[in-house]
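Welcome, and thanks for opening the viewer. Please load the structure below and keep your selection tool handy; we will go one stop at a time.

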Amino acid sequence: MSEDDAPSVADADIPDDVDVPEDVEPETMDSDVEESAKTVPRSVPLRVEGLRKEFGGITAVDGATFAVEEGSLTGLIGPNGAGKSTTFNCITGVHEADAGDVYFRGEEISGEQPHDIVERGLVRTFQIARQLGEMTVLENVMLAPGGQQGESITRSVLPGTRGRVVAQERELREKAWETLEFFELDHLATEYAGNLSGGQRKLLELARALMTDPSVLLLDEPFAGVNPTLEEKLLDRIHDLREQGLTFLLVEHDMDLIMQNCEHVIVMHQGRVLDEGPPERIKNNEEVIEAYLGGEV
Amino acid sequence: MSQTTTDDVLAPLRRVFANDAAKVAVMYIAIWVVFYAFGNHLGYGNSGMLSLVRRVTFLAAVYGIVVLALNIQWGYAGLFNIGVAGFMAVGAYTVAMLSSPPAGSPPGLGLPLPIGVLGGILAATLVGLVAALPALRLKADYLAIVTVAISEIIRITYNSPAFSDVTGGARGFGNLPTSPVETLLLQDPTSPASEATSLGETVFSFAAEYGISQFAVVNTLYTVGVLLVLLVVYLLLERAGKSPYGRVLKAIREDETAAQSLGKDTQNFKVRAFALGCGLMGLAGIVWFAMGPRASVTPQTFRPNITFYIFIALIIGGAGSNTGSVLGGALFASLLFEAPPMIRSIIQETFQVSANPGNLIEALIPIASGNLAPLGGFLLNNIDSLRFIGMGILLVVLIQRKPDGLLGARKETAAGVPLTADTRPDTGRADADAAAVDGGETDE
Ligand SMILES: Nc1ncnc2c1ncn2[C@@H]1O[C@H](COP(=O)(O)OP(=O)(O)OP(=O)(O)O)[C@@H](O)[C@H]1O
Ligand SMILES: [Mg+2]
């Protein structure tokens, strides 16, 4: 797999055409986005500014602004229809935002193609799993990694290079089996993904996303329909990966899960960020309680 | 392995038949046997028999090539190209323009055949790209509309009197390039009856011992050449399909957004698949129509109905499977084009059906009095048109009963290595901790 070539410079006030040495430590926010610049100790791989998305008459996202810190597990909560999934879609290029900017490691990625964004290391899963039904589970997982030699027709076909393609496929297959074992999908490896249960599809979705070797993962309700034991195990895994430097933004309706696992929580309501902060603060915010945590009381 | 061990006797047989090469071989041999039986029944001699088997083999092979080309576009990537005939026309016409003798009408450039063939493939690829690049960005329906339109535009352009100096207009090419077989075996390749070269001498005199004419030898060897082209195209696409490339194409077919969200530049993959398919359609057009026993480069040759035949053949064989494409092409070509006339001759000979009603009414009325002969005669006389109705019925039944084709191979795995259950590495997986460690490595 190719080395992570995502720039290590977070927000540089350096002109685009100047080469940045790789070992420069991430700086804090730069000056032209001062209005949102907060004094953050850690770098911010993902930043969303005034994001807006309308569907016909509905404004699904209405000026959402937030940032996700490096190595954090940030929760994104909000009532149904608050615009969480649409926000993910706009960040990852699935939808084109009507207004607002998305920055990934200091570079603006608004309007970029989804595959370019994935190549940068920003990967998402879908709320409604997008399994590739007529491909086996193993194929689904082996599809994901970037930098596959055999994605070139000539290299796959020509006798001289086919050998290398096959060798890489063999490595990939091994890695795929390991991943499937972890997600307890190994007994279904040769099954068509279209035959999986709802929960299994969510697991496959997550397994596939991890196979792309991301640095920031946006997870849209990854645990919906997953059994509690496996959910625990996946959360453990997420914490492990965080220690290795991965960053997570997690959409989830299970408040206990969010409050126990996230160090930072963003609350969306009607397309806007209602509040954000550590779980204790969110728990005690009247407005949030009103909007989400059992408002009508 | 999914095979059960219960019936040990059948297991080896099944394993052989699970091999794609075996399936194709069995299909071709079956076709040869059936047509040999037809010919035998009708009392064909050696040369008649050879020409019958040769004809059906040729058609099966050229169909195989185009169906394979369509399979990479539609079967793998889900790209709906209904302009197959147009891309075949571009290939055949380009070769005709580049490599036909300058003395012919319309005159060709007389370039060596390999240059012509390469030019034809490239031209078909380019036309495919120009047509498809804008449409590939849009939804699948637009590609279908654009391709069917471009195919007709191509045909009408070739038909147009305005370009008849180059294309021959409505009459097409009078003199086509000579095939490599003719060049090798004949001193004057343009005339089938000419003196043989020294190589030709040997071959022809050998064939003559079996009563096979010079003409039949040339056509038979050309057909063998087409089978070789089919083999090469098959191996090429089989490798392209069973690789990460093919895997991405299948992912695009299933869910393009999912493929994009896993970092695949789907547009790029689609363009390459489309270009490859169009180039191979050009090649098919060349070996089918620009030379050999069916050589005919005229606008009528490339009417849109060929496109639909190719689709039917692909659906019969199973979209998404290269082996299925070859089988579908062979089955379709033999069933639709070569078998009906044979069957008619056999029935007429066996049952002496002499009734010859003028229309369907005249054929149906005698049924009331228990006389089926007029209907039989009517059906036989009209077998040429009726076979299309039969094909239509077959297609409807297939789509309802076996939407994945005869082999049901739309779900063939796309990988450079086998992905069966026994490929699992035997790592410790008993406890979750071990799995977590193993899994942890996957993200480094
Ligand atoms: N593709 C679309 N076309 C039209 N409207 C859409 C589309 N996607 C989302 N919406 C609308 O945008 C609003 C926000 O939807 P979104 O899916 O982002 O909510 P959410 O916060 O993810 O909700 P949930 O918790 O139920 O998943 C909803 O009113 C929805 O109807
Ligand atoms: Mg949602």
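**Stop 1: around the ligand.** Keep in mind as you look that this is a predicted model. Select β2 (58-68) and α1 (84-91) of chain A: each of these elements supplies at least two residues of the shell around ligand 1. Of the two, give α1(A) a colour of its own, since α1(A) contributes the largest share of that shell, with 3 residues.

Now show the shell itself. Ligand 1 has 14 residues around it, and those that come nearest are A:N80, A:K84, A:S85, A:T86 and A:Q127. If you colour the shell by class, you should find 5 nonpolar, 7 polar and 2 charged residues.

**Stop 2: polar atoms facing the ligand.** Zoom in on A:K84, one of the residues that come nearest to ligand 1. A polar atom of the A:K84 side chain sits 2.7 Å from an oxygen atom of ligand 1. Next, select A:G81, where a polar backbone atom is 2.8 Å from an oxygen atom of the ligand. Then move to A:A82: here a backbone N or O atom lies 3.2 Å from a ligand oxygen. How much of ligand 1 does the protein bury? Taken alone, ligand 1 exposes 630 Å², and the protein buries 65% of that.

**Stop 3: paired strands.** Leave the ligand and select strand β1 (residues 46-55) and strand β4 (residues 99-104), both in chain A. These two strands run antiparallel to one another and are joined over 5 bridges. To see one pairing, pick A:L46 and look across to β4(A), where its bridge partner is A:F104.

Keep β4(A) on screen and add strand β5 (residues 107-108) of chain A. This pair is also antiparallel, with 2 bridges. Click on A:Y103 and you will find A:E108 of β5(A) standing opposite. The hairpin of β4(A) and β5(A) has 2 residues between the strands. Select A:R105 in this hairpin and check its backbone: A:R105 takes a positive phi near 50°.

**Stop 4: the two domains.** Zoom out and colour chain A by its domain assignment. Which residues belong to each domain? Domain 1 is made of 44-131 + 212-294, and domain 2 covers 133-195. Taken over C-alpha atoms, the centres of these domains of chain A are 29 Å apart. Finish where they meet: 6 residues of domain 1 are in contact with 10 residues of domain 2.

Note on methods
Residues numbered from 1 in each chain as written. Chains lettered and ligands numbered in written order. Predicted model: local features only at pLDDT ≥ 70, side-chain atom pairs only at ≥ 80, totals over all residues. Heavy atoms only, no water. Near = heavy atom within 4 Å. Polar contact = N/O pair within 3.5 Å; in protein donor to acceptor, adjacent residues only side chain to side chain. Areas by Shrake-Rupley, 256 points an atom, 1.4 Å probe, with all protein chains shown as cover. Helix = DSSP H or I, 4+ residues; strand = E, 2+ residues; numbered from the N terminus. Nonpolar A, V, L, I, M, F, W, Y, C, P; charged D, E, K, R; others polar. Pairing = 2+ DSSP bridges. Domains from an automatic or database assignment. Contact = heavy atoms within 4.5 Å.
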